[in-house]
Amino acid sequence: MSVPELNIEEQIQNILNNILDQLRLLYQQFNENEVNHMQIYSKIDGLKSVVEDSKYKAGEYIIKVKEGIETASLYLDILNYIEKVAQNLSAVSYRYSVLQSRIKIEDKILHSLLVSMIEKLIAATSSALESFRLLSLNAKKSAEKARNIIKIEEEVDDLYRNFELKLFEKENELAFMMLTKDIGDRLEDCADLLRDAANNMLYISYLRE
């Protein structure tokens with residue numbers, strides 16, 4: 001493994017740490033009763049901006065050193081996937097803030113399913129971090145962590161299907177339905193994006209074995 005590859009993977013790990021911080025804040029927002037929703041959204045959105053800036057810096061570095069790095073395009077795709085995760089999480093936080101401050105309809109089952117999806121995303125992002133850490137140490141273990149992300153995405157899909165069924169079982173205010181569905185859609189999309197990143201991580205790990 002080359003020094004540029006180590007630098008790229010370190011930068012991606014830093015970005016994933018910011019996404020993990022976003023997810024922890026989102027989990028707090030969904031679970032704590034006395035919380036300033038817009039304040040938490042502001043923190044999550046700030047982290048999204050950090051991710052976007054870091055993604056462009058990492059991408060610029062990859063372009064400069066890509067000669068001789070056969071995985072350069074895989075790294076670039078991973079950066080695009082995780083940037084979209086950060087953007088989705090910011091959107092989820094904002095929509096949940098609107099739900100809590102203006103609409104104030106509660107559904108414990110839907111809420112529980114959304115929280116479970118966030119928990120799965122925390123687990124998937126943690127696995128992504130570990131997979132990148134292990135790439136330079138043990139490619140086989142790195143691949144195991146990447147495959148774990150793919151498994152988690154399937155679990156999120158199951159939660160999302162249940163979420164959709166429960167959402168449309170009842171007649172709720174249209175604004176509640178629209179915002180709640182968009183939150184579920186974006187969380188499910190995050191799982192898909194992390195799965196796509198995991199597939200690229202698998203390809204990289206295979207080349208290292």
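Asp-21 is partly exposed, with 33% relative accessible area. I start there as a way into the charged side chains. Before going on, note that what you have on the screen is a predicted model.

The partner of Asp-21 is Arg-24, and their side chains form a salt bridge with an N to O distance of 3.8 Å. The cut-off for a salt bridge is 4 Å between a side-chain nitrogen of Lys or Arg and a carboxyl oxygen of Asp or Glu, so the 3.8 Å pair of Arg-24 and Asp-21 counts as one. Both residues sit in helix H1, which covers residues 3–31. Arg-24 and Asp-21 are 3 residues apart there, or about one turn of the helix. Arg-24 has a relative accessible area of 48% and is also classed as partly exposed. The limit for exposed is over 50%, so Arg-24 at 48% stays in the partly exposed class.

How many salt bridges does the rule give? The count is 15. I will take two others from helix H6 and its surroundings.

The next pair is Asp-182 with Arg-186, where the closest N and O atoms are 3.1 Å apart. Asp-182 and Arg-186 are both in helix H6, residues 174–208. Their spacing is 4 residues, again described as about one turn of the helix. On accessibility, Asp-182 comes out at 21% and Arg-186 at 23%. Buried means under 20%, so Asp-182 at 21% is partly exposed, and Arg-186 at 23% is partly exposed by the same limit.

The other pair is Arg-195 and Asp-196, a salt bridge with its closest N and O atoms 3.1 Å apart. Arg-195 is partly exposed at 25% relative accessible area, and Asp-196 is partly exposed at 22%. Which residues are joined to Arg-195 and Asp-196 through shared salt-bridge partners? They are Glu-153 and Asp-192, and the four make up one network.

Now the overall fold. The protein has 6 helices and 0 strands, and the pattern read along the sequence is α-α-α-α-α-α. The radius of gyration is 18 Å, close to the 17 Å that the globule rule gives for 209 residues, so the protein is as compact as a globular protein of that length. The C-alpha trace spans about 55 × 30 × 25 Å along the principal axes. Of the 209 residues, 49% are buried.

Next, how the helices pack. I have three pairs.

For the pair H2 and H3, H3 being residues 72–103, the axes come within 9 Å and cross at roughly 170°. Angles over 145 degrees count as roughly antiparallel, so H2 and H3 are placed in that class. Sorted by class, the residues in the contact of H2 with H3 are 18 nonpolar, 8 polar and 5 charged.

While we are on H2, one residue deserves a mention. Ser-54 belongs to this helix, which runs over residues 37–65. Buried or partly exposed? Ser-54 is partly exposed, at 22% relative accessibility. Its C-alpha atom is 8.6 Å from that of Asn-14, although Ser-54 and Asn-14 are 40 residues apart along the chain.

The second pair is H3 and H6. Their axes are 9 Å apart and the packing angle is about 160°. That angle makes H3 roughly antiparallel to H6. The crossing of H3 past H6 is left-handed. Their contact contains 24 nonpolar, 3 polar and 8 charged residues. H6 is also the helix that holds the Asp-182 and Arg-186 pair from earlier.

The third pair is H4, residues 108–135, with H5, residues 139–169. Here the axes are 8 Å apart and the angle is about 165°. H4 and H5 are therefore roughly antiparallel to each other. What is the handedness of the crossing of H4 and H5? It is left-handed. The contact of H4 with H5 has 19 nonpolar, 6 polar and 6 charged residues.

To recap: this predicted model has 6 helices and 0 strands. The salt bridges come to 15, including the one between Arg-24 and Asp-21. The packing contacts include H2 with H3, H3 with H6 and H4 with H5. That is everything I have.

How values were computed: Residues numbered from 1 in each chain as written. Predicted model: local features only at pLDDT ≥ 70, side-chain atom pairs only at ≥ 80, totals over all residues. Heavy atoms only, no water. Helix = DSSP H or I, 4+ residues; strand = E, 2+ residues; numbered from the N terminus. Buried < 20%, exposed > 50% of the residue type's maximum accessible area, 1.4 Å probe, protein only. Axes fitted to C-alpha atoms, helices over the stretch in contact; angles between N-to-C directions. Parallel < 35°, antiparallel > 145°, perpendicular 65-115°, else oblique. Left-handed = near helix turned anticlockwise from the far one by under 90°. Nonpolar A, V, L, I, M, F, W, Y, C, P; charged D, E, K, R; others polar. Rg over C-alpha atoms; globule rule 2.2 N^0.38 Å.
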